[in-house]
Number of protein chains: 2
Amino acid sequence: MKDKLSTQPYKGARDFYPEDMLIQNYIFDTWKKVCKSFGYQEYSFPILEPFEIFAAKTGEEIVNNQLLSLVDAGNRKIAIRPELTPGTVRMIAQRYKALTKPLRWYMIGNNWRYEKPQKGRGREFYQLEVNIFGVGAVTADFEIFSIIIFLMQTFGATSNMFRLKISDRRLISALLQDVLKLEENIQLQTRKFMDKKTKMPEKDFREGLREIGLNEEQTEKVVGFMNSNLEGLPSIIPQNTLYENKGYVAITEVFKLIENAGLKPYCEFDPSIIRGFDYSDGMVYEVFDLSPDNRRSLFGGERFDKLIEIFADVELPSTGFALGDMTLLEFLVGWNLLPHFDSAFDYLVTLWPVENKEESDSYFSISQSYANYLRSKGFKVLTWLEQNTKLEKQLKYADKMGVKNVVLIGPEEIATKSAIIKDLETGKQKQDTIKL
Amino acid sequence: MKDKLSTQPYKGARDFYPEDMLIQNYIFDTWKKVCKSFGYQEYSFPILEPFEIFAAKTGEEIVNNQLLSLVDAGNRKIAIRPELTPGTVRMIAQRYKALTKPLRWYMIGNNWRYEKPQKGRGREFYQLEVNIFGVGAVTADFEIFSIIIFLMQTFGATSNMFRLKISDRRLISALLQDVLKLEENIQLQTRKFMDKKTKMPEKDFREGLREIGLNEEQTEKVVGFMNSNLEGLPSIIPQNTLYENKGYVAITEVFKLIENAGLKPYCEFDPSIIRGFDYSDGMVYEVFDLSPDNRRSLFGGERFDKLIEIFADVELPSTGFALGDMTLLEFLVGWNLLPHFDSAFDYLVTLWPVENKEESDSYFSISQSYANYLRSKGFKVLTWLEQNTKLEKQLKYADKMGVKNVVLIGPEEIATKSAIIKDLETGKQKQDTIKL
C-alpha cells in the first residue's frame with residue numbers, strides 16, 4: 001500500500017458538504033434578495049489583487065500578520081484578498097467618470113486571513129460587502145442602517161437579539177485632539193487601544209492608557225467618553241467644540257432619521273465603536289449580538305470617503321458594511337433562526353428489474369423519458385442507473401436520500417400506459433399517464 | 001500629488017461590473033437549475049488546497065507551468081486550485097463510508113492557471129463541475145451526456161451548434177499496446193501527442209509520430225484510427241481484440257442508449273478525443289462548437305475511477321465533466337444566444353425638494369416608508385438621498401439607470417394621501433394610496 005494523501009481541507013478552511021451548502025445558499029440568497037430590494041447591483045473582482053492595494057490602508061495587523069501573498073513568474077507581488085473594500089474602490093476608480101453616481105453596489109466573495117482558526121473564525125470566510133458611493137449626506141449612512149436592520153429582520157432577528165451601535169471617528173478626534181491635546185502619534189496609539197476596550201476589564205483599560213502616556217485626568221476623560229451616551233457628551237467635550245464637530249452633527253442628524261423611521265429600538269449611540277481599518281473616517285458602526293451567552297460584535301462598517309485617493313485624486317463619498325458568513329451563521333444558530341430546508345429530491349424514478357438486457361434497456365429508456373418529463377415541469381428528479389437491481393434496494397436508497405416520491409413503471413403500467421407515484425411520507429399512491 | 005496605484009485587476013483576471021455580473025449570474029443560475037433538475041446536490045471546498053493533490057494526477061503541464069503556489073508560515077506548501085476534480089474526490093474520500101452512493105454532486109468554483117491570457121482564456125475562470133460517483137455502468141456516463149445536452153439546450157443551443165464527441169481511453173490502449181505493441185513510455189508520448197492532433201495539419205501530425213519513433217505502418221494505423229468511425233474500427237483493431245475491449249463494449253452500449261433516447265443528433269463517436277488529465281480512464285468526451293468561424297473544443301469530461309486511490313484504497317466509479325464560464329460565454333455570444341436582461345430597478349422613489357430642513361426630513365421619511373412598502377412586495381427600489389435636489393435631476397438619474405417607474409410624492413399627494421407612479425417607458429401615470 002502506497003502513502004495516501006490527507007483528505008482534510010487546508011487548515012482553517014471549510015469543506016461544504018451538500019447539507020452545509022444548503023445553509024450557505026440560504027444565507028447568500030437572503031443577502032442577495034435584500035440587497036436587490038434596495039436597488040443594489042451585484043459586482044465581483046478577482047480573489048488575487050496587487051499586494052499594494054492592501055498595504056496602503058487595510059491596517060498593519062492584517063497586512064503584516066495575516067496576508068497570504070506570493071510573487072508570480074512575472075515578478076508581481078500579489079495577495080489573496082483579506083477583505084473586499086479596496087478592490088471595490090479600485091473598480092470604481094477604474095471607471096470613475098463613466099459610472100453614474102450614486103452607485104449602490106454589493107458583492108459576495110471569499111477572503112483569506114492567516115490567523116489562528118477558532119469558533120466563528122476561519123482562514124477562509126465569505127463576506128457580503130454593501131456600499132453606497134457618491135452621497136456625502138447622512139441619508140446614505142441611514143440607508144445602510146436600513147439595509148442592515150432589514151437584513152437581520154429577514155433572517156428572523158428581532159430587536160432583542162441584536163443592536164446596531166453607531167459612532168463617528170470625528171468625535172474621537174475631538175476628544176483626543178481638541179480636548180486632550182495629545183500628540184498625533186499618541187492619538188493613534190490611544191485610538192487603536194480604545195478599539196480593544198471591549199476585550200478587557202476596565203482596570204486593564206485604564207492601565208493601558210497610562211502606559212501609552214496619558215495622565216490621570218486624560219485617562220478618566222477617555223473612560224468617561226467611552227461610557228457616555230449622546231446626552232452625556234457635553235460634559236466631556238466642551239459645547240462650543242462639540243456642536244461644531246461634524247461627527248456630532250452627523251450623529252445627531254442620523255438619529256433623527258432613525259427615530260422618524262421607527263428604527264430606534266434597533267440602534268444606539270456608542271462612542272466605544274472605533275473600527276480597525278486605517279481608511280475608516282466619519283461615521284463608524286457595528287452590529288452586536290445581544291445574546292447573554294455570546295455578546296460580541298457581529299460585523300460593522302464605516303465611512304471611507306478618502307480611500308479612493310490611493311488610486312486617483314477624485315471625490316467619492318463612501319459608506320457601507322461587510323458581513324461575514326461564519327459570524328452570521330453562529331448568530332443564526334445561537335438564536336435558533338435557521339429554517340428547515342426542503343428535500344433536495346422530488347422524485348426517484350425507479351428502474352424495473354429484469355435480467356434480459358434488451359428488455360432492461362427498454363425499461364431504462366422509459367424511466368429516463370418520464371424523468372425528463374418531470375424535470376421539464378421543474379422537479380428535482382433522480383433516476384436509478386444500475387440495471388436489474390431489486391426494487392427494495394432502490395426504495396431503500398430513496399428513503400436514505402430523503403426523496404419525496406418514488407415512481408414505479410413495471411409491465412402492468414406499460415400495458416396500461418401509466419406510472420405509479422408513491423408519496424413516501426404519506427404512503428399514498430396515485431397514477432399518471434405516460435407516453436411510450 | 002503622490003503616486004497612485006493601478007486601477008487594473010491582476011493580469012489575466014476579470015473585474016465583473018454590474019452588467020457583466022448579470023451575464024455571469026444568468027450562466028450560474030442556468031447551471032444550477034439544470035443540475036438540480038437531475039437531482040444533483042451542490043457542494044464546495046476552499047480555493048487553497050495542499051499542493052500534493054494536484055501534483056499527483058492533474059498532469060505535468062498544469063502542475064509544472066501553471067500552478068500558483070505558496071508556502072505558508074506553518075511551512076505547508078499550498079496551491080490555488082487549477083481545477084475542481086481532485087478536491088471533490090478528496091471530500092468524498094474523507095466521508096467515504098458515511099456517504100450514500102450513488103452520489104450526484106455539482107459545484108461552481110473559480111480556478112487559477114498561470115498562462116498567457118488570450119480570447120476565451122484567462123488566469124481566473126469559473127467552472128461548473130458535475131460528477132456522478134458510485135456507478136460503474138455506462139448508464140452513468142449516459143446520464144452525464146443527458147445533462148450536457150439538456151444544459152446546452154437550456155442555453156438555447158440546437159444540434160447544429162454543438163456536438164458531443166465520445167471515445168474511450170481503453171480503445172487507445174488497444175491500439176497502442178495490443179495492435180502496435182509500443183513500449184509503455186512510447187505509448188504515453190504517443191497518446192499525449194495524439195491529444196494535440198486537432199491543433200496541427202495532418203502532415204505535421206505524421207511527422208511528429210515518426211519523431212516519437214513510430215514506423216511508417218504504425219503511423220498510418222494511428223492516423224487511420226484517429227479518423228475512423230465506429231464501423232471502421234474492426235479494420236484497424238483486429239475483431240477478436242476489439243470485441244473484447246471494455247472501451248469498445250462501453251461505447252457500443254452507450255450509443256444504443258443515446259439512440260433510444262433520441263439524442264443521436266447531438267452525439268458522435270470520435271477516437272481522436274483523448275483528454276489531458278493523468279487521471280482520465282475509460283470513457284472520455286468533449287463538446288465542440290460547430291461554428292465554422294470557431295470550431296473548437298468547449299469543454300469535456302471523463303471517467304476517473306481510480307483518482308480516489310491517491311487518498312484511500314477504496315472503490316469509487318466516477319464520471320463527469322467541467323465546463324468553464326469563459327468558453328461558454330464565447331459560445332453564447334458567437335451564436336447570439338444571450339438573452340435580454342431586465343432592468344435592475346423597478347422604482348425610483350423621488351424626494352420632494354424643499355429648502356426647510358424639518359420639512360425635507362418629513363418628505364424623506366414618507367419616501368423611505370413608501371419605498372419599504374414596495375420592497376416588501378418584492379420590488380427593487382431606489383430612493384433619492386440628497387435633500388433639496390431638483391426633480392429634473394432625479395428624473396435624469398432614473399433615466400440613466402434604466403429605472404422602470406418613478407414615484408412622486410409632493411404637497412398635493414400628501415394632502416390626498418396618494419403617490420403618483422409614472423411608467424418611464426410608456427409615460428403613463430397612475431395613483432396609489434399611501435399611509436402617513
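## Exercises on a two-chain model

B:Asn75 sits in the loop that runs between β3 (68-71) and β4 (77-80) of chain B. You're looking at a predicted model, where local features need pLDDT of at least 70 and side-chain atom pairs count only at pLDDT 80 or more, while totals for chains, interfaces and linings use all residues. Residues are numbered from 1 along each chain as its sequence is written, and chains are lettered from A and ligands numbered from 1 in the order in which they are written.

**Exercise 1.** Why does B:Asn75 count as buried, exposed or partly exposed?

*Solution.* Start with the rule: a residue is buried if 20 or more other C-beta atoms (placed from the backbone) lie within 10 Å of its own, exposed if 12 or fewer, and partly exposed in between. Next, the count: B:Asn75 is exposed because it has 6 C-beta neighbours inside 10 Å. Then check the backbone: B:Asn75 has a phi near 65 degrees, which is positive although the residue is not glycine.

Now try B:Lys417. Its place is the loop between α15 (411-415) and β15 (418-423) of chain B. With 12 C-beta neighbours inside 10 Å, B:Lys417 counts as exposed too. Its phi is also positive, near 50 degrees, again in a residue other than glycine.

**Exercise 2.** Which residues of α11(B) are buried, and what distance does the helix reach from its first C-alpha to its last?

*Solution.* First, the naming: helices (H or I, at least four residues) and strands (E, at least two) are DSSP runs, numbered from the N terminus. Helix α11 of chain B covers residues 246-260, so to say 15 residues, and reaches 21 Å from first C-alpha to last. The expected span is 1.5 Å times one less than the number of residues, and the helix comes close to its expected 21 Å.

For the buried side of the story, list B:Gly247, B:Tyr248, B:Ala250, B:Ile251, B:Val254, B:Leu257 and B:Ile258. Here's a handy idea for reading such a list: an α-helix has 3.6 residues a turn, so residues three or four places apart point the same way. Just past the end of α11(B), B:Gly262 takes a positive phi of about 75 degrees.

**Exercise 3.** What is the strand order in the open sheet of 3 strands in chain A?

*Solution.* Pairing comes first: two strands pair if DSSP finds at least two bridges between them. The order in chain A is β2-β4-β3, with antiparallel pairing. At the edges are β2 (48-50) and β3 (69-71) of chain A, each pairing on one side only. Zoom in on one pair: β3(A) and β4(A) (residues 77-80) are antiparallel over 3 bridges. Within that pair, A:Leu70 has A:Ile78 as its bridge partner.

**Exercise 4.** How many bridges link β9(A) and β10(A)?

*Solution.* Find β9 (residues 281-289) and β10 (residues 296-303) of chain A: they pair in the antiparallel sense over 7 bridges. One of the partners is A:Ser297, which matches A:Phe288. The two strands form a hairpin, with 6 residues between them. Carry on to β11 (residues 318-324): β10(A) pairs with β11(A) in the antiparallel sense over 4 bridges. There, A:Arg303 stands opposite A:Thr319.

**Exercise 5.** Which residues does UniProt list for "binding site", and where is A:Glu83 found?

*Solution.* The unreviewed UniProt entry lists A:Glu83, A:Leu84, A:Thr85, A:Arg113, A:Gln127 and A:Arg275. UniProt positions use the numbering given here, feature names are shortened, and annotations may be inferred rather than shown by experiment.

Now take two of these residues.

- A:Glu83 is in the loop between β4 and α4 (85-94) of chain A. A:Glu83 is partly exposed, as 18 other C-beta atoms lie within 10 Å. Leaving aside neighbours within four places in sequence, A:Glu83 is in contact (C-beta atoms, placed from the backbone, within 7 Å) with A:Thr58, A:Asn111 and A:Ala322.
- A:Thr85 lies in helix α4 of chain A. A:Thr85 is buried, with 25 other C-beta atoms within 10 Å. With the same neighbours left aside, its contacts are A:Glu129, A:Phe304, A:Leu307 and A:Ala322.

**Exercise 6.** Where are the cis peptide bonds in A:Lys101–A:Pro102 and B:Lys101–B:Pro102 placed along their chains?

*Solution.* In chain A, the cis bond joins A:Lys101 and A:Pro102, with omega about -5 degrees. A:Pro102 lies in the loop between α4 and β5 (103-112) of chain A. In chain B, the bond from B:Lys101 to B:Pro102 is cis, with omega near -5 degrees. B:Pro102 is in the loop between α4 (85-94) and β5 (103-112) of chain B.

Definitions and conventions:
Two residues are in contact if their C-beta atoms, placed from the backbone, lie within 7 Å.
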